[in-house]
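Trainee: Got a minute to go through a model with me? I'd like to start with the overall picture and then look at single residues.

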Amino acid sequence: MAHITSLQRGLEILRLLNDRGVSQIKHLHQLTGLPKPTLVRMLDTLIDAGYAIRGDTGGYRVSAKVLALANGFDAEGNLLNIAKPVLDVFREEHIWPSDLAIFDRDAMVIMDTGRHPGTLSLNRTPGSRLPVLNTALGRAYLAFAPDEVCQRALERLCPDAKQAEKTN
């Protein structure tokens with residue numbers, strides 16, 4: 001499959017800015033391994049396109065324009081509309097934090113949560129991306145996914161394991 005490496009890198013920079021809030025070039029360099037001049041050019045491109053802002057302190061962050069990138073996202077059809085009333089009843093009966101998430105390539109994405117922000121709970125919000133392999137949510141997904149879906153997900157999440165299997 002042909003892909004455009006520079007686009008992938010730019011999207012990764014945008015994701016990191018979104019996840020981290022304000023980021024300095026040195027932090028982005030540490031996270032990506034990309035040369036600092038390349039990072040500056042990519043950030044300048046994101047600024048020119050209106051997706052990033054450079055603050056007075058030299059840090060970079062996403063702009064409000066990034067919100068437009070999710071406008072067409074359908075949340076897996078009507079899943080949320082169908083599940084929300086059922087989840088509300090479950091949460092009322094069991095008084096236990098619960099999340100509704102979908103698998104998205106390499107993470108579980110929270111669509112709805114019954115968690116209320118507080119000091120003794122994990123503050124997850126809709127849109128949060130959680131690791132698949134080391135969260136109960138991800139492991140539950142893999143446990144009940146069809147074998148072929150689970151296998152493809154594991155190959156994507158653990159590419160080194162597949163490579164090691166080929167060499168043994």
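Mentor: We can take the chain as a whole, then one helix, then some side chains.

Mentor: This is a predicted model, so local features need pLDDT of at least 70, side-chain atom pairs count only at pLDDT 80 or more, and totals for chains, interfaces and linings use all residues. Residues are numbered from 1 along each chain as its sequence is written, and side-chain values use heavy atoms, with hydrogens and water left out.

Trainee: How many helices and strands in the protein chain?

Mentor: Seven helices and five strands; these are DSSP runs, H or I of at least four residues for helices and E of at least two for strands, numbered from the N terminus. The order along the sequence is α-α-α-β-β-α-β-β-β-α-α-α.

Trainee: And what share of the residues is buried?

Mentor: Of the 168 residues in the protein chain, 29% are buried. Buried means under 20% relative accessible area, exposed means over 50%, and partly exposed is in between (1.4 Å probe, protein chains only).

Trainee: What does the accessible surface come to?

Mentor: About 11,800 Å² for the protein chain, with 56% of that belonging to carbon and sulfur atoms. The areas come from the Shrake-Rupley method with a 1.4 Å probe, and for residues only the protein chains shown count as cover.

Trainee: Let's do α1. Which residues are buried there?

Mentor: Gly10, Ile13, Leu14, Leu16 and Leu17 are buried in α1. They cover an arc of only 160 degrees around the axis, so they sit on the same side of α1; the arc is that of the directions from the helix axis to the C-beta atoms.

Trainee: What covers them?

Mentor: The cover includes α2 (25-32), α3 (36-49), β1 (52-54) and β2 (60-62).

Trainee: What span should helix α1 have, at 1.5 Å a residue?

Mentor: The 16 residues of α1, residues 5-20, should span 22 Å, and the end C-alpha atoms are 22 Å apart, which agrees. The expected span is 1.5 Å times one less than the number of residues. Just after α1, Gly21 takes a positive phi of about 80 degrees.

Trainee: Which residue has a positive phi although it is not a glycine?

Mentor: Arg105, with a phi of about 60 degrees. Arg105 is in the loop between β3 and β4 and is exposed, at 56% relative accessible area.

Trainee: Back to β2. What does Arg61 touch?

Mentor: Not counting residues up to four places away in sequence, Arg61 touches Leu17, Gly21, Val22, Tyr51, Ala52 and Ile53, where contact means heavy atoms within 4.5 Å. Arg61 is in strand β2 and is partly exposed at 40%. The C-alpha atoms of Arg61 and Ser23 are separated by 6.5 Å, with their positions 38 residues apart along the chain.

Trainee: Tyr51 is on that list. What lies over the face of Tyr51?

Mentor: Lys65, at 4.7 Å from the ring centre. A charge sits over a ring if NZ of Lys or CZ of Arg is within 6 Å of the ring centre and within 35 degrees of the ring normal.

Trainee: New topic: how many aromatic pairs does the structure hold?

Mentor: One. Phe103 and Tyr141 are stacked, at 4.9 Å centre to centre and 10 degrees between the planes. Phe, Tyr and Trp rings (for Trp, the six-membered ring) pair if their centres lie within 6.5 Å, and planes under 30 degrees apart count as stacked, over 60 as edge-to-face and the rest as tilted.

Trainee: Where do Phe103 and Tyr141 lie?

Mentor: Phe103 is in strand β3 (residues 99-104) and Tyr141 in helix α5 (residues 136-144), so the pair ties together parts that are 38 residues apart in sequence. Tyr141 is partly exposed, at 26%. Leaving out residues up to four places away in sequence, Tyr141 touches Phe103, Met108 and Val149.

Trainee: Last one, Thr125. Where does Thr125 lie?

Mentor: In the loop between β4 (107-113) and β5 (129-130). Leaving aside neighbours within four places in sequence, Thr125 is in contact with Ile110 and Thr113.
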